[in-house]
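Me: I'm new to this structure and would like to learn how to read it. Could you walk me through it, starting with how the chains meet?

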There are 2 protein chains.
Amino acid sequence: MSAYDDLMAFQRQTEALGQVAGRLGWDQETVMPEGSAGQRAEEIGALESVLHARRTDPRIADWLAVAKAPDAVGEAQLRQIRRSHARMSKVPAKLAEEIATVTSLAQGVWADARKREDVAGFLPTLSRVVALKREEAAALAMGGDAYDALVDDYEPGMTGTEIAAMFDAMRPRLVALRERVLGASPPKGIVGNFGQDDQIALSRELATVFGYDWNRGRMDLAVHPFSSGSGHDVRITTRVSETDPFNCFYSTIHEVGHAAYEQGIDAAYALTPIGQGVSMGVHESQSRSYENQLGRSRAFTGWLYGRMIEVFGDFGIADAEGFYRAVNRVHAGYIRTEADEVHYNLHVMLRFDLERALIRGDLQVADLEAAWNDRFRADFGVAVDRPSNGMLQDVHWSCGLFGYFPTYTLGNVYAGCLVKALRAEVAGLDASMAKGDVSAATGWLGDRLQRHGGLHAPRDVVRQACGFEPSEGPLLDYLEAKFGEIYGV
Amino acid sequence: MSAYDDLMAFQRQTEALGQVAGRLGWDQETVMPEGSAGQRAEEIGALESVLHARRTDPRIADWLAVAKAPDAVGEAQLRQIRRSHARMSKVPAKLAEEIATVTSLAQGVWADARKREDVAGFLPTLSRVVALKREEAAALAMGGDAYDALVDDYEPGMTGTEIAAMFDAMRPRLVALRERVLGASPPKGIVGNFGQDDQIALSRELATVFGYDWNRGRMDLAVHPFSSGSGHDVRITTRVSETDPFNCFYSTIHEVGHAAYEQGIDAAYALTPIGQGVSMGVHESQSRSYENQLGRSRAFTGWLYGRMIEVFGDFGIADAEGFYRAVNRVHAGYIRTEADEVHYNLHVMLRFDLERALIRGDLQVADLEAAWNDRFRADFGVAVDRPSNGMLQDVHWSCGLFGYFPTYTLGNVYAGCLVKALRAEVAGLDASMAKGDVSAATGWLGDRLQRHGGLHAPRDVVRQACGFEPSEGPLLDYLEAKFGEIYGV
């Protein structure tokens with residue numbers, strides 16, 4: 001065996017163990033008995049320590065030093081391995097361990113603080129997490145920008161400066177759109193009680209419509225929906241609110257977007273370093289385009305309206321056009337995860353600017369709440385009424401996930417580009433979506449983007465799929481056109 | 001940290017990873033998507049190879065050489081570690097790997113051969129498995145009895161000679177009982193269609209009645225029911241036949257017996273070498289006493305009859321006495337897993353004698369089918385009609401599980417002893433069981449046996465619980481009394 005073959009065989013086992021860790025997480029969020037949490041933490045800890053040992057195995061450097069890739073795919077594999085190995089090697093084991101321990105405890109402190117609306121109770125813990133992440137960022141950046149080093153974890157090749165430029169261009173147009181829309185009269189919402197079993201059944205149908213492969217997956221309930229796994233075992237979850245079926249349906253379509261990406265990757269890449277979605281931003285471009293540009297389109301909601309009438313009977317909406325408007329209702333709110341397409345990215349930008357300042361040392365944790373509240377009032381026009389609706393709403397920072405937030409909006413930006421290109425190339429898309437057939441769209445995304453997995457860099461794979469350089473323009477054009485038309489503004 | 005502490009910390013991680021492997025198995029048999037089987041095999045393989053490396057880690061020998069146990073529990077921990085370490089060290093890694101590979105493939109060959117009733121198609125594979133297991137047995141036995149070395153894997157301290165003496169004493173009495181019973185007129189069976197949801201609901205009630213802790217477990221459907229996991233996550237499975245609810249109910253009670261043992265072990269032993277049931281035989285003594293001596297008793301079936309009438313209405317049985325007889329119906333049959341209490345151990349003894357002869361070289365694989373069929377005619381009075389009802393019925397040998405079969409009957413023998421002692425000590429047992437309360441029995445078993453986990457040797461823990469030397473007598477007395485009375489023979 002060559003060094004390349006040895007390295008790939010070693011990686012394959014690591015990837016397989018990584019899948020096992022993912023399955024444990026799935027189990028924990030869906031089926032695990034309540035009393036098993038303590039033992040499960042030890043089980044996950046044991047597996048993570050095996051994974052850490054493998055990822056920092058000194059043989060990897062030896063193999064990398066002499067491995068010769070047999071082809072372009074092999075080059076991409078080595079690139080991925082080099083990338084994660086370099087990151088692992090730069091962070092001292094002791095620091096990595098401390099971050100793991102502190103963030104694990106911090107999540108409990110955060111949940112507690114949120115429940116008690118107690119910012120002061122969370123600040124010492126958050127300070128500790130920020131300090132540790134700054135230390136990690138410094139180790140990774142080796143003199144470069146600290147925040148960039150963290151972003152690179154989730155969005156390889158992307159920098160805070162690029163994101164800031166993009167977000168700065170987006171923000172005024174979104175704030176203006178938001179103001180126009182909220183000044184108009186809101187569409188009517190749906191009313192009724194929507195049974196759980198019927199919602200689940202229709203969710204399954206939606207998953208099938210969007211191309212989810214049930215032979216390599218399953219759907220369960222979870223408090224916070226997620227998709228999980230790569231290759232031949234990619235599971236999705238959804239949730240049910242009996243008064244708000246859109247929560248269930250669009251959570252499902254969103255997660256199917258993530259899952260379809262993983263399921264759509266070339267089977268030859270399964271259990272290899274490039275056998276997973278290439279970045280969080282590209283991942284989110286799939287989930288958001290499935291959910292919004294496709295799932296909330298006039299054409300598709302026309303079909304969904306008919307199916308919902310068949311399943312649930314009358315729910316207070318007279319026609320498909322009213323349904324389209326109900327699905328795309330814009331409403332002011334404090335919570336990111338409940339935000340509509342117009343508000344969502346403003347939430348993300350707020351977090352991006354604040355966390356970047358925290359990591360770069362331009363903002364102190366003690367000043368975070370004031371900064372959050374000032375910015376929220378500026379962009380959303382209202383004052384934060386309580387911390388759980390403000391800086392205590394998201395789990396991310398307690399987990400140490402600095403650099404993650406911007407990938408949500410990056411995903412929307414990429415989705416805007418991809419669907420623009422898709423619409424330019426695929427004729428008759430709306431006509432087939434109006435019949436509940438989205439296969440032309442999902443097929444295009446599968447062929448142009450999903451199948452490549454980690455073969456190309458994130459921005460490259462989007463550019464190649466679109467045929468143009470990705471930018472925020474298409475997303476903004478789409479949002480202004482769509483909501484301008486719905487609200488007549 | 002002392003060498004003992006280091007060793008225990010190392011073992012704790014290994015135990016935690018062992019639990020993860022168990023959870024993967026659970027997932028595979030209950031919720032895994034069909035198309036995930038190939039990838040799952042790689043995931044399990046990767047985890048098993050991690051476990052194998054840990055179990056053969058050279059540091060274990062170093063630690064064992066100097067470790068000092070702080071107390072009697074620590075002594076038991078070291079005993080368990082020494083035991084498994086000695087076994088792992090004796091078998092060459094290459095042989096262990098070959099056995100894993102060959103038996104993994106052999107299961108497919110066996111399933112296929114059984115489907116096609118093709119003994120000849122299975123024999124070359126079986127020969128290979130037997131040859132490898134003989135090689136392993138020789139390595140383990142180091143000059144001693146080869147079969148004993150394999151039995152010791154499942155029933156530490158037990159030998160083939162002891163088992164043979166016990167089985168030889170049991171066989172004539174069981175054959176005679178069987179003949180008497182089958183000569184009498186059979187009781188009436190139940191008739192009806194028993195809905196799946198109702199069966200599951202009543203199964204859950206039965207699990208609760210038998211003390212299953214739902215906070216640390218869950219119940220799902222599986223083709224072949226099993227229980228899985230130790231410590232704080234012990235799951236059970238059952239199956240449903242709409243015409244035969246006893247299959248569901250008694251599978252559930254059986255698995256609850258296994259699970260209650262694991263759940264009942266002293267919480268301080270969780271994720272340690274003694275934190276699991278001490279042997280297959282002792283495990284089976286719990287599942288079988290729950291299922292048969294308790295669950296199929298006149299007292300308990302009296303209560304179950306009432307519940308079934310409430311749930312299912314009339315099913316053709318006029319009173320509790322008729323129900324007791326229906327539950328305990330004895331019928332001739334080819335299949336071990338479907339056998340009643342009278343026939344079951346005859347099935348096991350047949351396999352024991354044959355597999356012992358195979359491993360000791362006294363029987364050739366080529367002669368196995370004839371030996372099986374001769375013995376079956378002798379003990380069961382009928383000829384095997386086809387291989388799937390004969391030597392192709394069980395998966396065990398294709399898995400390389402030689403030495404496992406006798407633990408089934410050993411479990412029944414232990415159950416006979418334990419329930420004899422229990423009945424002698426606990427007053428009013430039948431009166432409370434007749435009201436659906438088995439807590440006096442399960443509490444006694446929990447206190448006397450289950451909580452100790454692997455603290456004592458298998459036979460010791462049974463002896464201590466019973467207060468007398470375990471033997472086949474109580475089981476045979478119980479069977480002859482019970483079925484003699486039911487059948488008036």
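Reply: Happy to! Contact here means that the C-beta atoms of two residues, placed from the backbone, lie within 7 Å. By that rule, 31 residues from chain B and 31 residues from chain A take part. This is a predicted model: local features need pLDDT of at least 70, side-chain atom pairs count only at pLDDT 80 or more, and totals for chains, interfaces and linings use all residues. Residues are numbered from 1 along each chain as its sequence is written, while chains are lettered from A and ligands numbered from 1 in the order in which they are written.

Me: Which element of chain B gives the most to the side that touches chain A?

Reply: Helices (H or I, at least four residues) and strands (E, at least two) are DSSP runs, numbered from the N terminus. Helix 1 (3–30) and helix 2 (37–55) of chain B are the elements that give two or more residues to this side. Helix 2 gives the most, with nine residues.

Me: How are the two copies related?

Reply: In general, a rotation about an axis and a shift along it relate two copies of a chain. Here, a turn of 180° and a shift of 0.0 Å along the axis lay chain B on chain A with an RMSD of 0.0 Å, by least squares on the C-alpha atoms of residues with pLDDT of at least 70 in both. The copies are thus related as by a two-fold rotation axis. Also, 100% of the interface residues of chain B are interface residues in chain A too, so the copies meet through the same surface.

Me: How many helices and strands does chain A have?

Reply: Chain A has 20 helices and three strands.
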